[in-house]
Amino acid sequence: MSIQLYIPPPLQLRQSQQIRHLRRCQSSPPTPSTVAAALEAARDAHSPVTLQTSQGGAAYFASKGVPNSNQTASISGAIAAVRYIRAIAPAYQIPVILHTDHCAAKLLPWLDGMVSADEAYFAEQGEPLFSSHMIDLSEEDKDFNIATTKEYLPRPAPMKQWLEMEIRITGCEEDGVDNTGVDNSALYTQPEDI
């Protein structure tokens with residue numbers, strides 16, 4: 001039995017009753033025990049699950065022994081984590097979405113490496129290695145953010161892979177960036193942003 005990924009069926013999943021029960025687990029750092037715990041909880045809830053990792057979590061999965069110059073540890077760790085999940089998830093018999101989160105401008109080489117791995121896997125298996133990725137250029141100028149994300153779209157599109165874009169900041173602390181003092185008018189994506 002192969003792992004069931006929702007590519008492109010997150011659209012179908014969204015339209016189904018299962019979306020009410022979708023679980024999201026960010027395991028930072030991802031470890032076999034946290035992945036197993038998330039899969040077990042989703043299985044017991046009869047729910048699909050999204051397992052995601054950050055750049056730092058991916059580097060942790062590779063271990064401190066792998067240098068992270070040019071994002072080597074983060075790319076290798078993300079690929080290793082997703083291959084581990086693909087190997088163990090079928091035993092839980094639940095649909096899984098494999099997502100990477102918050103790729104800032106300085107981390108774009110991490111995204112490049114993962115999308116290259118997606119393309120290679122797609123050539124062999126007919127689906128990308130990951131279900132989706134997130135570009136988070138919310139700290140950048142809006143025009144740069146949109147233009148850069150647009151440049152990336154041609155790569156995941158043929159694989160029917162989702163590319164999430166974060167246009168504006170949120171009013172909280174996330175991944176070491178503290179925006180709790182930002183005025184509400186500057187938060188979140190506004191209709192005029194798109």
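This is a short walk through the structure shown above, from the whole chain down to a few single residues. Keep in mind as you look that the model is predicted.

Let's start with the overall picture. The chain has 194 residues, and 45% of them are buried. Its secondary structure consists of six helices and seven strands. If you travel from the N terminus onward, you meet these elements in the order α-β-α-β-α-α-β-α-β-α-β-β-β. How do parts of the chain that are distant in sequence come together? Among the contacts with a separation of 6 or more, 68% join residues that are 24 or more positions apart. On the outside, the accessible surface comes to about 10100 Å², and carbon and sulfur atoms account for 53% of that area.

Now find helix 3, which covers residues 55-62. Which of its residues are buried? They are Q55, G57, A58, A59 and A62. The cover over these buried residues includes strand 2 (49-53), helix 4, strand 3 (96-103) and helix 5.

One of those neighbours, helix 4, deserves a closer look. In general, two packed helices are described by the angle between their axes and the distance between the axes. For helix 3 and helix 4, the angle is about 80° and the axes are 7 Å apart. An angle from 65 to 115 degrees counts as roughly perpendicular, so helix 3 is roughly perpendicular to helix 4. Which residues meet here? Helix 3 brings Q55, A58, A59, F61 and A62, while helix 4 brings A73, S74, G77, A78, A80, A81 and Y84. Sorted by class, this contact holds nine nonpolar residues, three polar ones and no charged ones.

Helix 4 (residues 72-88) also packs against helix 5 (residues 108-125), this time at an angle of about 40° and with the axes 9 Å apart. These two helices are therefore oblique to each other. Helix 4 passes helix 5 in a right-handed crossing. On the helix 4 side, the contact is made by S74, I75, A78, I79, R83 and R86, and on the helix 5 side by P109, W110, G113, M114, A117 and Y121. What classes do these residues fall into? Eight are nonpolar, two are polar and two are charged. You may recognise S74 and A78 of helix 4 here, since both also belong to the contact with helix 3.

Next, let's turn to the backbone. Most residues other than glycine have a negative phi. Just after helix 3, however, S63 takes a positive phi of about 95°. This residue is found in the loop between helix 3 and helix 4. Is S63 buried or partly exposed? Its relative accessible area is 36%, so S63 is partly exposed. Another residue with a positive phi is Q93, with a value near 55°. Q93 lies in the loop between helix 4 and strand 3. With a relative accessible area of 59%, Q93 is exposed, because the cut-off for exposed is over 50%.

Our last stop is A41, which you can find in helix 2 (residues 32-44). Its relative accessibility is 45%, so A41 counts as partly exposed. Try locating A41 and Y92 together in the structure. They are 51 residues apart in sequence, and their C-alpha atoms are 9.8 Å apart in space.

Definitions and conventions. Residues are numbered from 1 along each chain as its sequence is written. This is a predicted model: local features need pLDDT of at least 70, side-chain atom pairs count only at pLDDT 80 or more; totals for chains, interfaces and linings use all residues. Side-chain values use heavy atoms; hydrogens and water are left out. Axes are lines fitted to C-alpha atoms, for helices over the stretch in contact, and angles run from 0 to 180 degrees between N-to-C directions. Helices (H or I, at least four residues) and strands (E, at least two) are DSSP runs, numbered from the N terminus. Angles under 35 degrees count as roughly parallel, over 145 as roughly antiparallel, 65 to 115 as roughly perpendicular and the rest as oblique. A crossing is left-handed if the near helix is turned anticlockwise from the far one by less than a right angle, and right-handed if clockwise. Contact means heavy atoms within 4.5 Å. Ala, Val, Leu, Ile, Met, Phe, Trp, Tyr, Cys and Pro count as nonpolar, Asp, Glu, Lys and Arg as charged, and the others, Gly among them, as polar. Buried means under 20% relative accessible area, exposed over 50%, partly exposed in between (1.4 Å probe, protein chains only). Accessible areas come from the Shrake-Rupley method with a 1.4 Å probe; for residues, only the protein chains shown count as cover.
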